[in-house]
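Me: I have a chain to study and would like to go through it by question and answer. Please keep the replies short.

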Amino acid sequence: MVAFLIHSCFSLGSPAVVVLELVAGLVVLTVGAEFLVRGASSLARAMGIPAIIIGLTIVAFGTSAPELVVSVQSAFKGRPDLSIGNVVGSNIFNILFILGASALIVPLAVARRLIVIDVPIMIGLSLLVYLMGRDGILDRLDGILFFTGLIAYVSWLFVQHRQRPKQADPAAPAESVPGIEEDDSKPVSVPLALVFVVGGLLMMVYGSDLFCEAAAEIARRLGVSELVIGLTIVAMGTSLPEVATSLVAACRGERDIAVGNAVGSNLFNIMCVLGVAATVAPAGIDVSQAALAFDIPVMILVAVVCLPVCYTRREISRWEGGLFFFYACAYVTYIVLTATGSPVRETFEWTMLRVVMPLSAAAVGLSLLRSSPANGESSPPAGSDAPAEPH
């Protein structure tokens with residue numbers, strides 16, 4: 001109701017109203033995603049689907065649902081910069097800000113499968129976005145290929161889980177699943193779950209429409225491109241479910257969930273969000289030269305750097321988290337300086353390229369060398385999924 005009143009007053013043109021519309025759209029979008037996840041989880045449980053499958057599919061999709069709806073809406077409305085900027089910005093934000101902030105709370109454990117499977121897949125998909133977008137468009141065929149990859153990935157997860165041996169020790173703790181609370185409360189009834197699903201979807205569609213209109217208006221008023229707004233305001237706003245999940249998991253000591261949520265959301269963003277948006281958009285998604293020249297390469301670089309950082313002692317330490325968080329702030333700062341044409345940009349760019357980044361690379365490389373078995377650093381057995389003890 002509040003969102004509707006704000007939307008009806010949009011014609012007044014007040015900057016405060018535009019900001020309120022942006023916030024209202026984000027609130028409606030986030031609440032709708034929460035309703036969708038709760039309803040879908042209850043329906044899946046009623047159908048006897050295991051909790052681990054719910055966590056790896058419905059919950060992962062739910063935290064990426066805001067990005068999906070915003071990108072599809074933007075593609076349909078002829079705003080490809082918002083669409084591609086949303087996904088690229090969210091993937092950068094998920095690694096740098098979410099993992100950085102979470103690791104500052106507590107060092108994050110990294111499961112072995114993330115290092116050998118999921119992070120390499122994230123790197124490959126990021127490269128694929130660049131290669132497919134070099135012609136200036138992600139067309140329907142590109143979208144179908146991405147979405148087919150999603151189906152194959154989820155199917156493989158399901159088969160892998162079915163083939164996994166049951167726990168031999170009945171006293172062993174149950175496997176933890178992101179977004180699924182293990183409690184004794186009764187699940188909601190099937191009719192109520194259906195109401196949650198339908199209502200959540202409707203709220204997400206309306207909220208994303210409100211959010212995108214306000215974001216586009218802010219871009220016009222500030223005189224910056226929609227790509228900049230998509231990479232900053234929209235990307236950060238639609239990543240709020242991932243922020244909440246990872247930070248809460250870190251505070252609760254569920255350190256592996258925080259990392260898995262961020263990496264898993266990036267996989268879904270590319271395969272599901274870009275896949276669906278490029279498939280259903282009438283003319284595909286245009287990829288600007290600005291995104292190809294800077295932002296998508298940054299997304300690839302962040303994905304690549306994530307691998308050695310996760311490999312060192314199978315954890316993301318506090319100093320590595322601080323490094324990620326610093327680069328998240330630096331990335332947003334650089335975008336703002338470039339968009340506003342600030343004379344400080346050249347000095348900032350020179351300092352980052354010639355001083356900060358080489359020092360950061362040297363620090364990560366030294367940490368990687370110190371964690372190698374040849375240097376006596378403890379590491380789990382090759383087949384173990386348990387993280388090394390924090391240092």
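Me: How do the residues of the lining of the largest cavity divide into nonpolar, polar and charged?
Reply: This is a predicted model. The lining includes Ile 92, Phe 93 and Leu 231, along with Gly 89 and Thr 232. Gly counts as polar here. The division is ten nonpolar, two polar and no charged.

Me: How much space lies in the largest cavity?
Reply: The structure holds one cavity of 30 Å³ or more. The space in the largest cavity is about 70 Å³.

Me: Which helix gives the most to the lining of the largest cavity?
Reply: Three elements give two or more residues to this lining: helix 8 (226-238), helix 12 (318-340) and helix 4 (80-105). Among the lining residues are Ala 235, Met 236, Tyr 331 and Phe 97. With five residues, the top contributor is helix 4.

Me: Is Asn 91 buried or exposed?
Reply: Asn 91 sits in helix 4. Leaving aside residues up to four places away in sequence, Asn 91 touches Asn 266, Asn 269, Ile 270 and Met 299. Buried means under 20% relative accessible area. Asn 91 has 2%, so the answer is buried.

Me: Where does helix 11 bend?
Reply: Helix 11 covers residues 289-311 and has 23 residues. From first C-alpha to last it reaches 33 Å, close to the 33 Å expected at 1.5 Å a residue. There is still a bend of about 35°. Pro 297 follows within four residues of the bend, which is at Asp 295.

Me: Which elements do the buried residues of helix 11 pack against?
Reply: The buried residues of helix 11 include Leu 292, Ile 296, Met 299 and Val 302. Cys 306 and Cys 310 are also buried. Their partners are helix 4, helix 5, helix 8, strand 4 (315-316), helix 12 and helix 13.

Me: Which residue just after helix 11 takes a positive phi?
Reply: Look just past the end of helix 11. The phi there is about 55°, and the residue is Arg 313.

Me: How far apart are the end C-alpha atoms of helix 5?
Reply: Helix 5 runs over residues 112-133, which makes 22 residues. At 1.5 Å a residue, these should span 32 Å. The model agrees, with the ends 31 Å apart.

Me: Where in helix 5 does the kink lie?
Reply: The kink in helix 5 is about 30°. The proline Pro 120 comes shortly after it. Several residues of helix 5 are buried, among them Val 119, Met 122 and the kink residue's own position. That residue is Asp 118.

Me: Is Ser 360 buried or exposed?
Reply: Ser 360 has its place in helix 13 (residues 344-370). Not counting residues up to four places away in sequence, Ser 360 touches Leu 323 and Tyr 327. The cut-off for buried is under 20%. Ser 360 has 10% relative accessibility, so it counts as buried.

Me: What separates the C-alpha atoms of Val 23 and Gly 237?
Reply: Val 23 lies in helix 2 (residues 15-46). At 44% relative accessibility, Val 23 counts as partly exposed. Along the chain, Val 23 and Gly 237 are 214 residues apart. Their C-alpha atoms are separated by 8.9 Å.

Me: What percentage of contacts between residues at least 6 apart in sequence join residues at least 24 apart?
Reply: The chain has 13 helices and four strands. Buried residues make up 50% of its 391 residues. For the contacts in question, the share is 82%.

Definitions and conventions. Residues are numbered from 1 along each chain as its sequence is written. This is a predicted model: local features need pLDDT of at least 70, side-chain atom pairs count only at pLDDT 80 or more; totals for chains, interfaces and linings use all residues. Side-chain values use heavy atoms; hydrogens and water are left out. The expected span of a helix is 1.5 Å times one less than its number of residues. The bend at a residue is the angle between axes fitted to the seven residues ending there and the seven starting there. Buried means under 20% relative accessible area, exposed over 50%, partly exposed in between (1.4 Å probe, protein chains only). On a 1 Å grid over the protein atoms alone, a cavity is a set of points where a 1.4 Å probe fits but cannot get out, and a pocket is an open set with protein on both sides within 12 Å along at least five of seven lines; lining residues have an atom within 4 Å of a point. Grid points are joined across faces, edges and corners, and a volume is the space filled by probe spheres set on the points. Contact means heavy atoms within 4.5 Å.
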